[in-house]
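Please open the model in a viewer and keep the sequence panel visible. The tour moves from the whole chain to a single residue.

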Amino acid sequence: MKIVMVIGRTGSGKTTLCKAMSGQNVSTEEMNYSSTQTTDIINGTFIDTPGQYIENKWYGSLTIISADCDIMAICQDCTSMESVFPPSFASIFAKPVIGIITKMDLCEDMNNVKMVEEMLSMAGAEAIFKVSSLSKLGFEEIEKYIKN
């Protein structure tokens, strides 16, 4: 399987996504873990990055770490309309970049989902997936993409 680097703001669901996609059991009771402080490789497939790397514009760190991956995944929580990804953000990577809309189980307004899709598309995501790490919604599509 390919290595996927996951980028997004603090609290966007990156760590939960990585753990759930790696087969670890996640639940709302277990989501009280602290913020990711450094990059973490989960199950040899996912590189989980601290939200601070994108929030504080440490793009240099992200580009260096991206050398070890095959696919970049930019994550945006569907309940947040504040994007940290500028237009054409994906162009700094010489890798395929996908967009992942997280926390679909919490999204009540589908207009928010459309707005997040537009944000990720403008950032340069070539494919966009909608997921819920709790229900595993959308995981099959991401796994198919990663395997191809």
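The model is predicted. Begin with the charged side chains: select the 12 positive and 18 negative charges of the chain, whose mean positions lie 4 Å apart.

Next, display the molecular surface. The chain exposes about 7400 Å², of which carbon and sulfur atoms supply 50%. Colouring by burial then turns attention inward, since 47% of the 148 residues count as buried.

Now switch to the cartoon view. Five helices and six strands make up the secondary structure. Followed along the sequence, these elements give the pattern β-α-β-β-α-α-β-β-α-β-α. The radius of gyration is 14 Å, close to the 15 Å that the globule rule gives for 148 residues, so the chain is as compact as a globular protein of that length. Reduced to its C-alpha trace, the chain spans about 35 × 35 × 30 Å along its principal axes.

Contacts may be shown at this point. Among those with a separation of 6 or more, 70% are accounted for by residues 24 or more positions apart.

For the final stop, select helix α1, residues 14-21, and within this helix Leu17. Is Leu17 buried or exposed? Its relative accessible area is 2%, and because buried means under 20%, Leu17 is buried.

Which residues are in contact with Leu17, leaving aside its neighbours within four places in sequence? Select Val6, Cys75, Ile100, Val131, Ser133 and Phe139 to display them. Finally, draw a distance from Leu17 to Phe46: the two are 29 residues apart in sequence and 9.4 Å apart in space, C-alpha to C-alpha.

Note on methods: Residues are numbered from 1 along each chain as its sequence is written. This is a predicted model: local features need pLDDT of at least 70, side-chain atom pairs count only at pLDDT 80 or more; totals for chains, interfaces and linings use all residues. Side-chain values use heavy atoms; hydrogens and water are left out. Helices (H or I, at least four residues) and strands (E, at least two) are DSSP runs, numbered from the N terminus. The radius of gyration is taken over C-alpha atoms; the globule rule is 2.2 Å times the number of residues to the power 0.38. Buried means under 20% relative accessible area, exposed over 50%, partly exposed in between (1.4 Å probe, protein chains only). Contact means heavy atoms within 4.5 Å. Accessible areas come from the Shrake-Rupley method with a 1.4 Å probe; for residues, only the protein chains shown count as cover. Lys and Arg count as positive and Asp and Glu as negative; His and the chain ends are not counted. The place of a charge is taken as NZ of Lys, CZ of Arg, CG of Asp or CD of Glu.
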